[in-house]
Amino acid sequence: MESTQFKNYLKKKYKSNKIFFDDYMHEALYSKFGFFNNEIVRSQKGGDFLTSPEVSEYFGKILNKWIKKNNIYLNITEFGSGTGSLIEQIDTENKFAVEISSTARKELSKKNIKNFAKLNDLSFKNSDLVFGNEVLDNIPCSVAVYKNNKWHEKIVSLDDVGLSYDFLEARKETLDWIEVNQLKGDENIDVEIQTNIDIFLENIIYKLSPKNFLFFDYGFEQKDRGKRKYRSLIRTYKDHHLSVDPILEPGYVDITYDINFSSVIRKLKNMGYESSLLLQRDFLINNGFDDYFDNLQNKLLLSEGMENLKINSQLSGLKALIDSNGLGGFYCLEAKKI
Ligand SMILES: C[S@@+](CC[C@H](N)C(=O)[O-])C[C@H]1O[C@@H](n2cnc3c(N)ncnc32)[C@H](O)[C@@H]1O
């Protein structure tokens, strides 16, 4: 894609040369020029990043155990299913995938997983569970920057030469989000504003009023934000590696950020949900990780040749899921309707 084409598309659609970051991120990921609407599904081995269900099928098997343990049956719905590697492990016919990317939806259809482009396409009204793995971090954020005792927004400017950053006065919804989340201005820290995650949750609750939510993602609690050494928590990925600044190769890189889970928990609380936040590692260990691990280890001892190689690879995948420096260090947010 020619970046001029993308620039002209933005100019025409927004009738402006100044685009708020969340709009920019939305277009760079989900428009016809977007990263998730290209020919390959991004969250798989040949794609740009590897997620827990792509690393090991046991992630889904353990989730399936958790679902059974919690007597969850009705209209189990996943948001942002990618290739379907997680939802395919859920042992029920009564499951649905909502996936914004048409490329990913084709993969879901190939696996006979009922899939929809958006929430409003679902025909049912209630659900026992809404879940998602690494979907929140792909919901476009805006960026607030505190300077000269005032909040501004970092925006994308469409210039003759290309794309660059600029600043505008912060919008009301951004200021409201900052206030609700009781954030103090710090000139050294950019704030990823998650108003679109709040809207995403609100819409799901209005339509499905799920009894439970379960989200896995990378992120932090607000009290720990100061411990992170980066000014901005937004980054891009391409070919399994960290990549360029988000405005340099729109459409060719994934744009993502660390989730402020304290804010998600606050939003869910305001909407009548009680949350608990734990590490992915602990969620998996609490829900049968060791049984799968011991079983594979025993099988390994009795196997030889190709079978031995296969089990070894399954064991490495399983171990990667709980690695505290990697996927195991992700968060798992469980929320129940009160
Ligand atoms: C990082 S991928 C994760 C895919 C999969 N869950 C996995 O773990 O392999 C994020 C996916 O979420 C989808 N997505 C982002 N926002 C969405 C939304 N609001 N509704 C449905 N899908 C969404 C993207 O198209 C993308 O396929």
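This is a short chat about a predicted model, covering its domains, its ligand and three residues.

User: What should I know about the model before we start?
Analyst: It is predicted: local features need pLDDT of at least 70, side-chain atom pairs count only at pLDDT 80 or more, and totals for chains, interfaces and linings use all residues. Residues are numbered from 1 along each chain as its sequence is written, and side-chain values use heavy atoms, with hydrogens and water left out.

User: Which domains does the protein chain have?
Analyst: Domain 1 is 13–29 + 142–193 + 231–257, domain 2 is 35–139 + 195–218 + 258–284 + 324–337, and domain 3 is 287–321. The bounds come from an automatic or database domain assignment.

User: How far apart are domain 1 and domain 3?
Analyst: Their C-alpha centres are 43 Å apart.

User: On to the ligand. Which residues come nearest?
Analyst: Tyr 30, Thr 51, Gly 80, Glu 99 and Asn 133, out of 18 around the ligand. A residue counts as near if one of its heavy atoms lies within 4 Å.

User: What are the polar contacts there?
Analyst: Polar side-chain atoms of Thr 51 and Glu 99 each lie by a ligand oxygen atom, at 2.6 Å for Thr 51 and 2.5 Å for Glu 99. Gly 80 has a polar backbone atom 2.7 Å from a ligand nitrogen atom. The protein buries 94% of the 590 Å² that the ligand exposes when taken alone; areas come from the Shrake-Rupley method with a 1.4 Å probe.

User: Now Asn 75. Buried or exposed?
Analyst: Asn 75 is buried, because its relative accessible area is 9%. Buried means under 20%, exposed over 50%, partly exposed in between (1.4 Å probe, protein chains only).

User: Where does Asn 75 sit, and what does its side chain reach?
Analyst: Asn 75 is in the loop between helix H4 (58–69) and strand E2 (76–79). Helices (H or I, at least four residues) and strands (E, at least two) are DSSP runs, numbered from the N terminus. Its side chain reaches the backbone oxygen of Asn 126 at 2.7 Å.

User: And Gln 314?
Analyst: Gln 314 lies in helix H11 (residues 305–321) and is buried at 17% relative accessible area. Leaving out residues up to four places away in sequence, Gln 314 touches Glu 57, Tyr 58 and Leu 296, where contact means heavy atoms within 4.5 Å.

User: Last one, Tyr 206. Buried or exposed?
Analyst: Tyr 206 is exposed, with a relative accessible area of 62%. This residue belongs to helix H7 (residues 195–208).

Terms used: Polar contact = N/O pair within 3.5 Å; in protein donor to acceptor, adjacent residues only side chain to side chain.
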